[in-house]
Protein chains: 2
Amino acid sequence: MVVKIDDVARVAGVSKTTVSRVLNNRGYLSEKTIKKVHDAMESLNYQPNAVARQLYKKETKLVGLIFPTVDNPFFGQLVAELEKRLFDSGFKVLIGNSMNDPAKEEMYLKELISNQVDGLIVGAQNRGIDEYHKANLPVVAIDRVMNEDIPVIASDNYMGGKLATELLINSGAKHIMNTDGPINLETPAHRRRDAYEEVMKSHNMVPHTYLVDFSWDIKKKKQAVKEMFAKYPEMDGIFVTNDMDAALVWRTATELGYKVPDDLKIVGYDGANITRVLLPELTTIEQPVEEMAKMAVSTLITRINGEDTPLEQIVPVKIWHGTSV
Amino acid sequence: MVVKIDDVARVAGVSKTTVSRVLNNRGYLSEKTIKKVHDAMESLNYQPNAVARQLYKKETKLVGLIFPTVDNPFFGQLVAELEKRLFDSGFKVLIGNSMNDPAKEEMYLKELISNQVDGLIVGAQNRGIDEYHKANLPVVAIDRVMNEDIPVIASDNYMGGKLATELLINSGAKHIMNTDGPINLETPAHRRRDAYEEVMKSHNMVPHTYLVDFSWDIKKKKQAVKEMFAKYPEMDGIFVTNDMDAALVWRTATELGYKVPDDLKIVGYDGANITRVLLPELTTIEQPVEEMAKMAVSTLITRINGEDTPLEQIVPVKIWHGTSV
DNA sequence: AAATATATGTCAACCGGTTAATATAAAATA
DNA sequence: TATTTTATATTAACCGGTTGACATATATTT
């Protein structure tokens, strides 16, 4: 049988209440009693049942994370950073990979609420779901437009798009493309595109954005990229909205006989750890993942404590200079 | 205030017991009652409190995952696959990134036990911790030697090492190195090295294994790799124990003026999704991550159901042909 | 009409902790 | 010595569900 608080009390020769006091460090306690209780807990290898405590306290010290998938350099690093910081603040992490499926996202949301998480950090790519509002739960969004009272943490997407486009222009590219996800999905990432378009226009160049949906599988994406090359053969520069897609564009370009950066210059977006190890040659706009994670966790905790936080926090990006420009 | 089962009962005009029956689909129920209850739940936006249920049922439908970090192509993919399959089987996932820190691993273990997880899947890189045994909990290990009664899922490490080494030999390399983690860490991954050594010897070649600790940071790893090149300048082939390190070796080699694969042939290990997108040129031994995840989940569930499972399950590997050999 | 199957209610115990109230005794201080 | 502070015990309520026992009322079948 599993050891419970009454067993500890019996072995230590004290009352259940006293054991609870030792556990929670409340009320008057002599050193002697504390030691007796600790000895008993140790000899019985007692682990308090967090579920019972959670029920009474109405606090689980659990935070839910909802992201598309951890099988991606950016989200993997982000989730790892979030988890680390949450753990340091005494929270455990319940994770949900929505796989860009709104239905799955909604299921996760319900499950997490049912599990009484103290808060949520979401970075899923789907449309804002009413449920988040109904949830009446502290929520922080990363790089996603939610509704009015959900704070958002995002990299400086506009500046990122501006830096990328200007870099391409300054390095001599004349026909510069851009990729973006579906426009009907409201995400701050579209500001990268806004910046691209404005910079292009201010240089009297014609912007062309090509749709590459985040949720497509590799094959479909590759197909789309090939179509793009066929449709815009004069392209000599491209700002791709994330590094995984940028790698795909690079490889496809190579297969089609383009030389990077001579025939085609590529700038990506994200600049995660893994990318910098596996493909450091890719010039990209680096999001400050650590910073974003730190901010998201502190914002969430502030909200959990019932205090107010800014609704939008933007963190600066910088260029990682590879050899693709 | 949060809606609870009594509120639903009141609104539906039935008893608490009946609502519970509807929720759990137990006992006699008329269509009419079921509808009344569902309507009430919907209008109140009722979400049952899983914590209360967990306490009574002594079952949480929670599974804990303990891995070094999700910020790695292999573990990221593995965790994503595990999470997906567990979710499909009705389990939510509590995650812990041990960061190769035994103390942190132990803390996670305790926390997860305290949270009453129904089972654990571990792939942390640290020494077997007694606690796993004490835990008296269904546990499945991935690529890790635990103790007698903990089932292990692993790729065919020996075959992987054999394939890699033979590939290098057959492609003409004469001075072939190998990297491995600390030998005192008991992991099935050492079988890659065993295979390397045996194949080398059977070809009358001298095996040299160089230590690259998984837990070192990039800088220290790079330093170690440079030392290796300095110490073995005649090296013309290398079997690196994971793809991230292989990428590092490749880059360092390039910086030192080696041409891959002409001067140096490189074979990695893991072959995760992300690697195949960012660095498909790397020839590597592919672990069947999906297969392993599937096996781990079904083994865990079998154990949770109190049935026996094999203690060791080995899944086959295959070669991913890039251009580094 | 009697017997059986179906549908629902009431009540209370239970899961394993936390906590407030109340009581008592020993130790420290006035 | 009287008073206050410190230390601990006992008891019971509580968190929000689940479940078994038992009662009762229709509906259906023989």
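**Helix packing and DNA contacts in a predicted model**

I begin with chain B, where residues Asn157(B), Tyr158(B), Gly161(B), Lys162(B), Thr165(B), Glu166(B) and Ile169(B) of helix H8(B) meet Arg191(B), Arg192(B), Asp194(B), Ala195(B), Tyr196(B), Glu198(B), Val199(B) and Met200(B) of helix H9(B). Contact here means heavy atoms within 4.5 Å, and helices (H or I, at least four residues) and strands (E, at least two) are DSSP runs numbered from the N terminus. By class, the residues of this contact of H8(B) with H9(B) comprise six nonpolar, three polar and six charged. Ala, Val, Leu, Ile, Met, Phe, Trp, Tyr, Cys and Pro count as nonpolar, Asp, Glu, Lys and Arg as charged, and the others, Gly among them, as polar.

A word on conventions. This is a predicted model, in which local features need pLDDT of at least 70 and side-chain atom pairs count only at pLDDT 80 or more, whereas totals for chains, interfaces and linings use all residues. Residues are numbered from 1 along each chain as its sequence is written, chains are lettered from A and ligands numbered from 1 in the order in which they are written, and side-chain values use heavy atoms, with hydrogens and water left out.

To return to the helix pair: two packed helices are described by the angle between their axes and the distance between the axes. Helix H8(B) spans residues 157–170 and helix H9(B) residues 190–202; their axes come within 7 Å and cross at roughly 40°. H8(B) is therefore oblique to H9(B). The axes are lines fitted to C-alpha atoms, for helices over the stretch in contact, and angles run from 0 to 180 degrees between N-to-C directions. Angles under 35 degrees count as roughly parallel, over 145 as roughly antiparallel, 65 to 115 as roughly perpendicular and the rest as oblique. H8(B) passes H9(B) in a right-handed crossing; that is, the near helix is turned clockwise from the far one by less than a right angle, anticlockwise being left-handed. Beyond H9, in the loop between that helix and strand E7 (208–211) of chain B, we find Asn204(B). Its phi is near 55°, a positive value in a residue other than glycine.

In chain A, I would draw attention to helix H1 (residues 5–12) and helix H3 (residues 31–44), whose axes come within 8 Å and cross at roughly 120°. H1(A) and H3(A) are therefore oblique to each other, and their crossing is right-handed. H1(A) contributes Asp7(A), Val8(A), Val11(A) and Ala12(A) to the contact, and H3(A) contributes Lys36(A), Val37(A), Ala40(A), Met41(A), Ser43(A) and Leu44(A). Seven of the residues in this contact of H1(A) with H3(A) are nonpolar, one is polar and two are charged.

I turn now to the DNA. Which residues are closest to DNA strand C? Among the 26 residues that surround this strand, the closest are Lys4(A), Ser20(A), Thr18(B), Ser30(B) and Thr33(B). A residue counts as near a strand if one of its heavy atoms lies within 4 Å of it. Of the strand C atoms within 4 Å of the protein, 67% belong to sugar or phosphate and the rest to bases. The surface near strand C has nine nonpolar, 10 polar and seven charged residues. Helices H2 (16–24) and H4 (50–57) of chain A, and H2 (16–24) and H4 (50–57) of chain B, each supply at least two residues of that surface.

Several polar contacts (pairs of N or O atoms within 3.5 Å) can be listed for strand C. A polar side-chain atom of Arg53(A) lies 3.0 Å from a phosphate oxygen, and one of Tyr46(A) lies 3.1 Å from a sugar or linking oxygen. In Ser15(B), a backbone N or O atom is placed 3.1 Å from a phosphate oxygen of strand C.

DNA strand D is surrounded by 26 residues, of which Thr18(A), Ser30(A), Thr33(A), Lys4(B) and Ile5(B) are the closest. Sugar and phosphate make up 70% of the strand D atoms that come within 4 Å of the protein. Phosphate oxygens of strand D are approached by polar side-chain atoms of Thr18(A) at 2.2 Å, and of Arg26(B) at 3.4 Å. A side-chain N or O atom of Asn24(B) is 3.2 Å from a phosphate oxygen of this strand. H2 and H4 of chain A, with H2 and H4 of chain B, give two or more residues to the surface near strand D.

I close with two peptide bonds. Val260(A) and Pro261(A) are joined by a cis peptide bond with omega about 10°, and Pro261(A) sits in the loop between helix H11 (243–255) and strand E9 (265–270) of chain A. In chain B, the bond from Val260(B) to Pro261(B) is cis, with omega near 10°.

Conventions:
A polar contact is a pair of N or O atoms within 3.5 Å; within protein, one must be able to donate a hydrogen and the other to accept it, and residues adjacent in sequence count only if both atoms are side-chain atoms.
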